[in-house]
Amino acid sequence: MKLEIVAKNYRVTDRLEQILEAKTKRLDKYFPDDKTPCKVVLSDLGRQCKMEISINYHGTHIRSEVVGDTMYYNVDAALPKLERQLIKHREKLNKSYKMPERPAEYEFVSDVEVTPLKIAKTKRFVVDTMTAVEAAENLELVDHDFYLFVNVETGNVEAVYRRKDGAIGLLQPYIE
């Protein structure tokens, strides 16, 4: 795996870099090549630290985000999340391609229960045409976490959402 460490308002020590390299190398068994990019973003939030680990493999984005007291604890919390996601993704591929299952030795997760996802409810609604600012105002009115709309400027379906810090974000999907 090709590890890239990015620090925002945080100084990366050599020891932390060594630990990240050693522990992320354990995930190499899920990827056949050594060129899979693994991006680690380290941020200082004042009294807490945030670690985001992202792996992009053939169009599949696997990501884990952890906030904790130290980066060393965050490493131990983020990697099991990543491994669970990798296991779920692998099992989904095995089912869709009907590949034979082979026993796996998991590094970070001791017991893994994969439950199939179910869609609990389907809801249909009309998507209004408006600007992103108007959609953000409507988000405030409906008191939801997100609001879908057709952007007047682009003609695409977009979404505004409430971020964890209280700010409003805009999602603009596109096809590559």
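**Exercise 1. Find the residues at the heart of the largest nonpolar core, then work out which elements build it.**

Step 1. Start with the contacts: in this predicted model, the largest nonpolar core has 23 residues, and Leu27, Met51 and Ile53 are the ones that touch the most other members.

Step 2. Now look for the suppliers. At least two residues of this core come from each of α1 (14-25), β2 (37-44), β3 (49-57), β4 (60-68) and α2 (71-97).

Step 3. Pick out the top contributor: α2 gives the most, with seven residues.

Step 4. Don't stop there, as a second, separate core exists too. This one has six residues, among them Met130, Ala135, Leu139 and Phe149.

Step 5. Here's the general idea to take away: in soluble globular proteins, nonpolar side chains tend to be buried together.

**Exercise 2. Check the length of helix α1 and decide how its buried and exposed residues are arranged.**

Step 1. Do the length check. With twelve residues at 1.5 Å a residue, α1 should span 16 Å, and its end C-alpha atoms are 17 Å apart, which agrees.

Step 2. List the hidden residues. A residue counts as buried when its relative accessible area is under 20%, and in α1 the buried ones are Leu16, Ile19, Leu20 and Thr24.

Step 3. Look down the helix axis. The buried residues of α1 fall within an arc of 115°, so they line one face of the helix.

Step 4. Turn to the other side. Asp14, Arg15 and Lys25 are exposed, and they sit on the face of α1 turned away from its buried side.

**Exercise 3. Track down some salt bridges and say what they connect.**

Step 1. Get the total: the model has seven salt bridges.

Step 2. Try Lys23 and Asp76. Their closest N and O atoms are 2.5 Å apart, inside the 4 Å cut-off for a salt bridge. This pair links distant parts of the chain, since Lys23 is in helix α1 and Asp76 is in helix α2, 53 residues apart. Asp76 itself is partly exposed, at 43% relative accessible area.

Step 3. Next, take Arg63 and Glu65, whose side chains meet in a salt bridge at 2.8 Å, N to O. Glu65 is partly exposed at 26% relative accessibility, and Arg63 is also partly exposed, at 40%.

Step 4. Widen the view a bit: Arg63 and Glu65 belong to a network of salt bridges that also links Lys50 and Glu52.

Step 5. Finish with Arg162 and Glu140, a salt bridge with its closest N and O atoms 3.2 Å apart. Arg162 lies in strand β7 and Glu140 in helix α3 (residues 132-142), so the pair ties together parts that are 22 residues apart in sequence. Both ends are partly exposed: Arg162 has a relative accessible area of 31%, and Glu140 has one of 47%.

**Exercise 4. Describe the sheet that contains β7, and follow its hairpin.**

Step 1. Write down the strand order. Four strands form an open sheet, β5-β6-β7-β8, with mixed pairing.

Step 2. Spot the edges: β5 (129-130) and β8 each pair on one side only.

Step 3. Zoom in on one pair. Strand β7 (residues 157-162) and strand β8 (residues 168-171) run antiparallel to each other, paired over four bridges. One partner to find is Ile168 in β8, which bridges to Arg162.

Step 4. Follow the chain around the turn. β7 and β8 make a hairpin with five residues between them, and Gly166 in that turn has a positive phi of about 95°.

Key. Residues are numbered from 1 along each chain as its sequence is written. This is a predicted model: local features need pLDDT of at least 70, side-chain atom pairs count only at pLDDT 80 or more; totals for chains, interfaces and linings use all residues. Side-chain values use heavy atoms; hydrogens and water are left out. Two strands pair if DSSP finds at least two bridges between them. A nonpolar core is a set of buried Ala, Val, Leu, Ile, Met, Phe, Trp, Tyr and Cys residues joined through side-chain atoms within 4.5 Å. Buried means under 20% relative accessible area, exposed over 50%, partly exposed in between (1.4 Å probe, protein chains only). The expected span of a helix is 1.5 Å times one less than its number of residues. The arc is that of the directions from the helix axis to the C-beta atoms.
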